[in-house]
Every structure is written in C-alpha cells, then in structure tokens.
Amino acid sequence: MKTPLLFVLLAVIASAQLIYLAEVRDWNDRPLPCGTVFLFDSQGKVVGTVKVVNGKVEKPINATGVAVIKIAWGWVSDPATATWIYDSSNPHDVMELGDALSYHKVRTYVYPMSVSVKDSSGRPASGYTVVVAGLGFYSVSRSGAYGDAQVVDSVCGGEISQVPHGDYTYYVYDPSGALVASGRFAVARGASLPVGGWNFVVTVGEPRRGVGGVVVSGVRFPGGGVGDLAVPVEVVGGRLVPLGVLPPRFGSVAVYLRSIPVGNFSLPARGGGVLVYNGSRMPGSLAELGLYVNVTVRAVDRGGELLRGSVVQVRYGGYLLANGTDEVRVALPRSDLIEGPYTAVVASPAVLPSGRFFTAVREFSVGRETSVVSVQIPAVRTVVRVVDGFGKPRREWRVEIVNVTSGLGEVRALLVEGERYVARAAGLGFTNTTVFTPGSEVSVVIPTALVEAYVVDGFGRVREDWPVEIVGVASGRGRAGPVEVIAGEYTARSEALGRSFLNKSVVERGQRATLAVRIPTAKIKVAVLEEDGKPPAKVYLEVLGPVAINTTQPALEAEVLAGEYVVKAAADGRNATEIVVLKPGEVREVVLRPPPPPKPRFPWEVVVALAVAAVGIAAAVVYTRRRPRVNTSSTSSR
C-alpha cells in the first residue's frame, strides 16, 4: 500500500509544478499552426520556450520561476524579432484571450484575412497572384473566380487564413507576371474583427513589367500545393531589384531579362528574353551575373597610334552607349545576349576635300573577355607650303588647302589618304593652284624670277645718264632692278639720242635674267682745215644721218648713233663733203678741207668786152656821118 501511495504523492507534487496550458488558438478559436511560447521570470528574463504546432503546446511547461507567458507568431528564437500575439502581463489579453498561467487553452490575436482583386471597372479579377508579406509572415495565393485570394502563411505551412497583427505589404501580379498593384496595410493588435474576417479590396492598375523577371520555384500555395512565383525585376544602380518580396524559403531562382541596361538605356535581349542566372539564391547585382565585358574603343592612325582629337562613340541601334575623346572604355553586354552587333563611330580630325571631318564606322561584337576595338583612320599629316620660283619658302605669302585651312607661308592639316585636294597660293598678284593627294609635304610654286635691266652704249659702258626701265615693273638711270617678278615676257626700254630702244625677253621660272638695252653708239670727230692746216675763219659744219648736228665751229666731237652720215662744211663759198659709215663702238675722225680760194689773173674778158664796145661805138659814128641830111621843114605836115 505504501508504494502506490508514494507514486500518487509524487504525481500530485509534479502536477503542482506544471502550467496547464496545452492548446493555443487563433481569434476564431482555430488551432494556431505555429507559434512559440516564451516563459519569462519576474525580472523579464526568458527562462524557457516551447513550440506550438497545429494548436498544441509541444511539451508540458514547467511552472518553476515563470511569471509571464508570451506567445509569438511563428517559430522564433529571438524575442526581439517576435510578433506577440498573446501577453499574460497584459490584463486586456487575459480578459479577451484567457489566462495562460492557469488555463488549459488561450486564444491569440490572429485573424482570418482575404484580398479581393478587382479590375478598373470594379469586376472581380481571377487568376491574379497575391503576395502578402510581413514580419515573419509570407503568403502567396491566387484569386479565384470571384477575385478573392486567401492570405495563408507559407512559413508556418498552414492550410487556412491566419494573420497576426502587424504591418504588411501586398503585391498583385497579373497572369503574365506583371505587377499591377502594390501597397501597405496594417492589422491593429486587439482590433475588433469584422464579420467574416479582414478583407482588403485591391484595384489593379497599369502593369509594371520591369526589364525582366525572377521565377522562384518550390513556393508553397494554400492547400499544400507547390509551384512557381514570377516576380518582375528592375535594375537600379546596377542592382537587381524585384518588384515585390520573394518568399523566405524556395527551391531555386531563375532570372530572365527582356532587356539589358547600359547606362541610361536598355538593350532588347536576344529572342525577347534570355536566361541570365539559375541558382539557389537571388543575385544582388548585375555584376554577379557576368553579363558585361569591359571594352575599349579607340581611334588610331595608320601606324596604330592613338589619333588625338577624335570623337569616339559606341552605338547600338539608335542608342548612344558611350561617347568620349580619342578612346572610350565601357562595360557592354555580351553579344550573345542581344540581337545585333555594336557600332563604333569615330569622327576624326582628318578633313575631307569637302571640308567635312572624316568619319569611320566599324561593327564589332563582344565576347567573354576584355577587348580593345581599334578603328583605323587613314589620316596623313600633310604640310602645304608656298615657295617661289627658286624653291624658297615664302612666309609672307598666303597659302590654303581649299575648304580645309589657310595661313601664311605654310599650313598643316590632317588629311585623308587617297583623296584629291586643292592647294592654292598667291604671291605678287599671281595665284597658283595645285591638285594633290596627301603626302608628307606639298609645295605650291609661285613661278617667280629675278630680272634687272641696264643700258649700255656702243662701247659697252653702262650709261648712268640714260634712263632705263623694265616696263611696268621698275625704272632707274643706267640700271633698273633687280626685282622679283612672275615668269613671263618682259621688255626693257631706254631712250637716248632722241630714240627709244627695246629689249624683249622671256624670263623663265627661277631664272635670274639681265636685260641689256644696247644703244649702238659711235663717236665722230670732225675738223675743217685749210690747205695750210688752219681752220677757216668762217665755217658752217653740218653732220647729217641718224643724228643731225650743225655748228659754226671748225671742229666737233660727238657721240652719235651708228649708221651712215654725210659730213658737210662750207667756208667762204667753198664746200667740202664726206660720207662716212659708223659702226657701233667705232671712233671715226673726219677732216674736211674746202678747196683753196682762186689766184688773181689778167682780166682778158674785160679787155675784150671793152674792145667790142669800142668797135661798136666807132661803127655807129661812121654810119651817122655818111647818112644824107633831111629838110625837116619840107617834110613837115603843117
């Protein structure tokens, strides 16, 4: 008898040390699918925890040292993260839900909830996916024929809608996976529950599809089913941002992109969408996916050196993905992810004959390795200078490459190999044009020459006293020039001894030409002498020919033009004449001797004349005397 009594006594003592709580229910007195009972001492310290599974406390609760019982939603270990659905230290909870320290069963602030999805006309929208997420809570369900979706926590794995109080975010996706509604709501702790439970009406709006989607497999749905959840995804600052909250537990994640961001643009993915990731966790950024490759696009000359001053662009279709000077570095999606090739466009500093800058275009693709894309510009650095007829550069003359550049003396430009350009230069009023293809140096020649003129007499002496000119160019006395001229025909002219003399000559480019105006002079010396060698007392001397000279002096010396001359002298009625021919440079002395005056002689002519006269007179006298006398009175008529 003693042994059974002892067992009974021990059982009574043991039961006195246990708390009676064995069941935990929701607000509607339905079994709580999961929860955690926290046991606190009088100091607020946790002295034990017990799980709640399908409304049952997992094991008996030892009452030793327990002052307060709190029940958290879900299976949690840290009271700081708990959502308290029951608190025995709160008199309101004890009054509304029961005393967990002494009762066998208590209720909790966990309520049924549904979401009604309606279209913009207010009609029910079926087949939409509704996600509700809160602290330690995650529900995925689909709207039925009447647009209602039950909110069932997939973390606890319950079969009915049971939602603890707290703040929640909801997302609604249409059957294509686009986000059509989202927002927030709160369930107040201890709030009065409407008949039929909490219900939120959501009206769908414009769909947001993002740049792709995340497909999460192994997601629990109400009723115990497991399926996939598709959530749109966007890229923000290089990070993959789902348009929603993913479940805390799932099987795998696949990321699909319909477009791939590059800078401010999104490039359409190949085939409308590409799989860029498939794994067990959600990637945080695009960089983790290996979608991009660093590419350097540079402008180079014919030798492969960087061509400074180029504008480099990287384009895809109508998108400008990168822009810079000389070379650009950009991260581009691999070509196997997009539809077409990239295009490198280089606007080089090389100038075409039209004056436009040469632009080169090259298509390229991007593999999986870092690459350098070089766009070669067929540019030739060319110097065009203006030179005179002697090949000497002339920095004071203007030169230009038509439509490209201009300057004084020489210009430098970056030209395009194989093109035909026009170079033009002007100097001394002459303009010359040269058509050329680019090379290192090009000269435009102004066909100049040096020309000078002088005047010389028949003796080869330069006559500083005679004027001379290069017609239209320069003039002087004795000499003119040297002066720089454009090659061509030039005339030197001088005037001397009353006549003009010319020398025409063609002056070639680069020639130093001397134009001599030769005056064919000679010198004549004339003396008039009597037989005794003395000059006549009076004389008139005249020289007639290319140059005419006269004088009353018995001698003269003069420079005259070569040619034939008649030299005359007259003295006291006596004349002397001589014809001479003078050659250029000849000195000729001419002596004229007038005939001597006649000697005195007997004047027989006078004597004879007187005699004849005397005979005549004598005959007349004789005749008169022999004639008969006539009576004048008888013959008178009176």
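## Salt bridges, a disulfide and a small sheet

R461 has a relative accessibility of 40%, so this arginine counts as partly exposed. Keep in mind while you look at it that this is a predicted model. The partner of R461 is E559: the two form a salt bridge, with 3.8 Å between the closest N and O atoms. This pair brings distant parts of the chain together, since R461 belongs to the loop between β40 and β41 (467-470) while E559 is in strand β50 (residues 555-561), 98 residues apart.

### How far to trust it

Averaged over the chain, pLDDT is 89, and 93% of the residues reach 70 or more. Residues 1-16 are another story: pLDDT is below 50 there, and the stretch makes 0 contacts in the model beyond near neighbours in sequence. Residues 629-638 also have pLDDT below 50, with 1 contact beyond near neighbours in sequence.

### More salt bridges

The model has a count of 31 salt bridges. Here are three of the pairs, including the R461 one.

| Pair | Closest N to O |
|---|---|
| D93 and R189 | 2.6 Å |
| E288 and R281 | 3.0 Å |
| R461 and E559 | 3.8 Å |

Take D93 and R189, which meet in a salt bridge at 2.6 Å. They also link distant parts of the chain: D93 is in helix α2 (residues 91-97), and R189 is in the loop between β17 (179-187) and β18 (198-203), 96 residues apart. Is each partner buried or exposed? D93 has a relative accessible area of 0%, so it is buried. R189 comes out at 32% relative accessibility and therefore counts as partly exposed.

In the E288 and R281 salt bridge, the side chains come to 3.0 Å, N to O. E288 has a relative accessible area of 41%, which makes it partly exposed. R281 is partly exposed too, with a value of 47%.

Not everything comes in simple pairs, though. E23, R25, D29, K56 and K105 are joined up in a network of salt bridges.

### The disulfide

How many disulfides are there? The count is 1. The cysteines are C34 and C156, with an S to S distance of 1.4 Å in the model. C34 sits in strand β3 (residues 34-40) and C156 in the loop between β14 (148-150) and β15 (163-164), so the bond ties together parts that are 122 residues apart in sequence. A disulfide is a covalent bond between the sulfur atoms of two cysteines.

Where do these cysteines stand for accessibility? C34, at 1% relative accessibility, counts as buried. C156 has 12%, and because buried means under 20%, C156 counts as buried as well.

### A three-stranded sheet

Further along the chain, 3 strands make an open sheet in the order β43-β40-β46, with mixed pairing. The edge strands are β43 (479-486) and β46 (512-518); each has a single partner strand, so one side of each is left without a neighbour in the sheet. On average, neighbouring strands here are turned by 20° against each other, direction ignored.

Strands of a sheet pair through backbone hydrogen bonds, either parallel or antiparallel. Which sense do β40 and β43 use? Strand β40 (residues 448-456) pairs with β43 in the antiparallel sense, over 6 bridges. To find your way around this pairing on screen, start from A449, which stands opposite V485 in β43. Strand β40 also takes you back to the opening residue, as R461 is in the loop between β40 and β41.

Conventions. Residues numbered from 1 in each chain as written. Predicted model: local features only at pLDDT ≥ 70, side-chain atom pairs only at ≥ 80, totals over all residues. Heavy atoms only, no water. Disulfide = S-S within 2.5 Å. Helix = DSSP H or I, 4+ residues; strand = E, 2+ residues; numbered from the N terminus. Buried < 20%, exposed > 50% of the residue type's maximum accessible area, 1.4 Å probe, protein only. pLDDT = per-residue confidence, 0-100. Contact = heavy atoms within 4.5 Å. Pairing = 2+ DSSP bridges. Axes fitted to C-alpha atoms, helices over the stretch in contact; angles between N-to-C directions. Salt bridge = Lys/Arg side-chain N within 4 Å of Asp/Glu carboxyl O.
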